[in-house]
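Good morning, everyone, and thank you for making the time. I would like to walk you through one protein chain, slowly, and explain each term as it comes up.

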Amino acid sequence: MVELAVKLKQLRVRSGKSLQEVADAVGASKAHIWDLERGASKNPSLVLLKGLADYYKIGVADLVGENPAAGQEEPELVALYRNLSELSPADRETIALLAERLKASRSK
């Protein structure tokens, strides 16, 4: 399990964002984000964790290391899946049909 501090720093470096950019995006101070990345602050609020997870387009469980498959899933796909739950059943069916047609067109 990757510690929250290590995971946060990996995500920020991988995204090419500065501490200030992340702090501004989630409504926290640069010093607080820095403390989280160094492990100096170990109890962030759930609101801050949710903001960081949304910013990096991953789930909170992935951020805190409670999803063992997190490293295998693409963050964009996880975010897309999460957004599907907010759609109506008819909208989900439309997206499922579209996905099937795209897959079928690639196999030709």
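Let me begin with Leu97, which is partly exposed, with a relative accessible area of 46%; on this scale buried means under 20% relative accessible area, exposed means over 50%, and partly exposed is in between, using a 1.4 Å probe and protein chains only. Leu97 has its place in helix H7, residues 89-106, and its C-alpha atom is separated by 26 Å from that of Gly59, which is 38 residues apart from Leu97 along the chain.

Before going further, I should say that this is a predicted model, in which local features need pLDDT of at least 70 and side-chain atom pairs count only at pLDDT 80 or more, while totals for chains, interfaces and linings use all residues. Residues are numbered from 1 along each chain as its sequence is written, and side-chain values use heavy atoms, with hydrogens and water left out.

Now the overall picture. The secondary structure of the protein chain comes to seven helices and zero strands, where helices (H or I, at least four residues) and strands (E, at least two) are DSSP runs numbered from the N terminus. The radius of gyration, taken over C-alpha atoms, is 17 Å, well over the 13 Å that the globule rule (2.2 Å times the number of residues to the power 0.38) gives for 108 residues, so the chain is more spread out than a compact globule. Along its principal axes, the C-alpha trace spans about 50 × 25 × 25 Å, and buried residues make up 26% of the 108 residues.

What lies inside? The largest nonpolar core, meaning a set of buried Ala, Val, Leu, Ile, Met, Phe, Trp, Tyr and Cys residues joined through side-chain atoms within 4.5 Å, has 16 residues, of which Leu8, Ile33, Leu36, Leu52, Tyr56, Ile58 and Leu63 touch the most other members. Helix H1 (4-15), helix H2 (19-26), helix H3 (30-38) and helix H4 (46-55) each supply at least two residues of this core.

Take Ile58 from that list: leaving aside residues up to four places away in sequence, Ile58 touches Lys7, Leu11, Ala53, Leu63, Pro75 and Arg82, where contact means heavy atoms within 4.5 Å.

Finally, is Arg12, which is found in helix H1, buried or exposed? At 11% relative accessibility, Arg12 counts as buried, and with residues up to four places away again not counted, the residues that Arg12 touches are Lys17, Ser18, Leu19, Val22, Glu37 and Tyr56.
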